[in-house]
Amino acid sequence: WVPSVDFIHDTLCEGNEISFRDISVANGGDSIKSRLWILGDNDIYVAKDIKHIYDKGGLHEVVLIDTSESGCFKSVKKDVKVPYNPVANFEYSIAFSNEMINFIDLSYSDMYDSIIYRLWKFDDGTISFEENPLKAFSDAGKHYVRLVVKTKYKGIDSITLPVYVYSGQPVLAAPTLNFPYDNYYIDDCIG
């Protein structure tokens, strides 16, 4: 008898161990004798249930071939989506001592995944879990800020950047208007 072949799998980001489970059923009192997994990255396994790590995200064609005791075989092929890891990044507003600095998270994740966790670590020992935190440093100079992001499918990335904090207060300059002609008039009448 020809088996009914199917499998299920985890969805996890590249670099994580993904479980594949054969949920095939033998028909007509027969049993499944052997299984062959072809995982789309040149790896092959012969076991009922397997675990595999994809080094690269993307779509991976996975084939499972089951053979029954009576010698009949059948296969199933599925495209398995393996999300890419997120990319952590941020920017910040100009920074003066004792003034609030606006940190803006520029991190992004795979279109099949989403960022669900952010951890900001500031070199003065404070932390924040906000998406775009506000933070003031009392000391001028170079400070280091680390952002860690995690996704729904266990992707993770981090970045540490220097933040330059200036002493004193920001100086606002009046705008300078430059006209191309000395005698320039605006006529707001419509004639």
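A salt bridge is a side-chain nitrogen of Lys or Arg within 4 Å of a carboxyl oxygen of Asp or Glu. In the predicted model described here, Asp-124 forms such a salt bridge with Lys-135, the closest N and O atoms being 2.5 Å apart. Asp-124 lies in the loop between strand 11 and strand 12 and Lys-135 in strand 13, so this pair ties together parts that are 11 residues apart in sequence.

## Salt bridges

By this rule the model has 6 salt bridges. The table gives three of these pairs with their N to O distances.

| Residue with nitrogen | Residue with carboxyl oxygen | Distance, N to O |
|---|---|---|
| Lys-135 | Asp-124 | 2.5 Å |
| Arg-118 | Asp-105 | 2.3 Å |
| Lys-77 | Glu-61 | 3.9 Å |

The side chains of Glu-61 and Lys-77 meet in a salt bridge at 3.9 Å. This pair links distant parts of the chain, with Glu-61 in strand 6 (residues 58-68) and Lys-77 in strand 7 (residues 73-82), 16 residues apart. Glu-61 is partly exposed, because its relative accessible area is 41% and partly exposed covers values between the limits for buried, under 20%, and exposed, over 50%. Lys-77, with a relative accessible area of 55%, is exposed.

The side chains of Arg-118 and Asp-105 also meet in a salt bridge, at 2.3 Å from N to O. This pair, too, links distant parts of the chain: Arg-118 belongs to strand 11 and Asp-105 to strand 10, and the two residues are 13 apart. Arg-118 is buried, with a relative accessible area of 16%. Asp-105 is likewise buried, at 9%.

In the pair of Asp-124 and Lys-135, the aspartate is partly exposed, with a relative accessible area of 40%, while Lys-135 is buried at 10%. Beyond individual pairs, salt bridges that share partners join Asp-105, Arg-118 and Glu-131 into one network.

## A three-stranded sheet

Asp-105 and Lys-135 lead to another part of the description, the sheet that contains their strands. This open sheet of 3 strands has the order 8-10-13, with antiparallel pairing. Strand 8 (90-92) and strand 13 (134-135) stand at the edges, and each has a single partner strand, so one side of each is left without a neighbour in the sheet. Strands of a sheet pair through backbone hydrogen bonds, either parallel or antiparallel.

Strand 8 is joined to strand 10 (residues 101-105) by 3 bridges, and the two run antiparallel. Within this pairing, Phe-90 has Asp-105 in strand 10 as its bridge partner, and Glu-91 stands opposite Ile-104 of strand 10. Strand 10 also pairs with strand 13 in the antiparallel sense, over 2 bridges. Here the bridge partner of Ile-101 in strand 13 is Lys-135. Asp-105 thus appears both as the bridge partner of Phe-90 and as the salt-bridge partner of Arg-118.

The two faces of strand 10 differ in cover: Ile-101, Phe-103 and Asp-105 form the covered face, whereas Asn-102 and Ile-104 form the uncovered one. Ile-101, the residue bridged to Lys-135, therefore belongs to the covered face, and Ile-104, opposite Glu-91, to the uncovered face.

## The surroundings of Asp-124

The loop that holds Asp-124 runs between strand 11 (115-122) and strand 12 (127-128). Apart from residues up to four places away in sequence, Asp-124 touches Lys-135 and Phe-137. With Lys-135 the side chain of Asp-124 also makes a side-chain polar contact, at 2.5 Å. Asp-124 and Tyr-144 are 20 residues apart in sequence, and their C-alpha atoms are 8.8 Å apart in space.

## Thr-151 in strand 14

Where is Thr-151 found, and is this residue buried or exposed? Thr-151 is found in strand 14 (residues 141-151). Thr-151 is buried, because its relative accessible area of 4% falls under the 20% limit for a buried residue. The side chain of Thr-151 reaches the backbone nitrogen of Gly-155 at 2.8 Å. When residues up to four places away in sequence are left out, Thr-151 touches Cys-13, Pro-86, Ser-109, Asp-113, Ser-114, Ile-115 and Ile-116.

Definitions and conventions. Residues are numbered from 1 along each chain as its sequence is written. This is a predicted model: local features need pLDDT of at least 70, side-chain atom pairs count only at pLDDT 80 or more; totals for chains, interfaces and linings use all residues. Side-chain values use heavy atoms; hydrogens and water are left out. Two strands pair if DSSP finds at least two bridges between them. Helices (H or I, at least four residues) and strands (E, at least two) are DSSP runs, numbered from the N terminus. Contact means heavy atoms within 4.5 Å. A polar contact is a pair of N or O atoms within 3.5 Å; within protein, one must be able to donate a hydrogen and the other to accept it, and residues adjacent in sequence count only if both atoms are side-chain atoms. Buried means under 20% relative accessible area, exposed over 50%, partly exposed in between (1.4 Å probe, protein chains only).
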